[in-house]
Amino acid sequence: AQKTTGSHEDNDKVAMKYWRLAISPSDKLNMSSYQAMDRILYFVWKGRGMPKEKEYNVFFNSIQRFAEVGYLPSQYVLAELNYHGRYISKNLSVAMDWYRKISENPRAHYIFRSYAMVKRANMYLSGEANQSNEAAYHWYEEAAALDNVIAMEKLVELYKNNVPRLIEAGADRLGTSAGILI
């Protein structure tokens, strides 16, 4: 293997070039393409490897392609990119769709699944998605059952602050407990 002596930025560019080749459009996704996508997702998430603006669509489409065939890391990163509006326009509806797919997939790794459940519950409780507080409680409880500490802390906070479970969608989500952090 050739030793790289450039800066992190130069090495990242070279790495991204080869990872792009590994995930280039083809009819078959193989182990190498999944490994390459893992590296791309890591770099994109850390903000180190996102290509120049003209290449965003190529990378975004690659991440989406992997997500659509059920690749869990791509699904989660795609949900997060849409939720936060990172590199793309913020789209809560698309983010919720991906969180829903992950949280309802019994074959999904429990860490991804429980975090998607928490994100989903947060969106319900904050009013970013049109559901009742009951739905938020449900998904926090599901995530807590998978040992997600964040969900457990949220449940403690909700019960401690007497946030009502049964409040209609679209109503004041937090009732009189405006001090809750979501």
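This is a working chat about a serine, a helix and a nonpolar core in a predicted model.

Colleague: Before we start, what kind of model is this, and which cut-offs apply?

Modeller: It is a predicted model, where local features need pLDDT of at least 70, side-chain atom pairs count only at pLDDT 80 or more, and totals for chains, interfaces and linings use all residues. Residues are numbered from 1 along each chain as its sequence is written, and side-chain values use heavy atoms, with hydrogens and water left out.

Colleague: Where does S114 lie, and is it buried or exposed?

Modeller: S114 lies in helix α6, residues 110-126 (helices are DSSP runs of H or I, at least four residues, numbered from the N terminus). S114 counts as buried because its relative accessibility is 3%, where buried means under 20% relative accessible area with a 1.4 Å probe, protein chains only.

Colleague: And what does its side chain make a polar contact with?

Modeller: The side chain of S114 makes a polar contact with the side chain of N148 at 3.1 Å; such a contact is a pair of N or O atoms within 3.5 Å, and within protein one must be able to donate a hydrogen and the other to accept it, while residues adjacent in sequence count only if both atoms are side-chain atoms.

Colleague: Switching to α4, how many of its residues are buried?

Modeller: In α4, 12 of the 13 residues are buried, so the helix is mostly covered, and the buried ones include L72, Y76 and Y83. Just after α4, G85 takes a positive phi of about 70°.

Methods. Helix = DSSP H or I, 4+ residues; strand = E, 2+ residues; numbered from the N terminus. Buried < 20%, exposed > 50% of the residue type's maximum accessible area, 1.4 Å probe, protein only.
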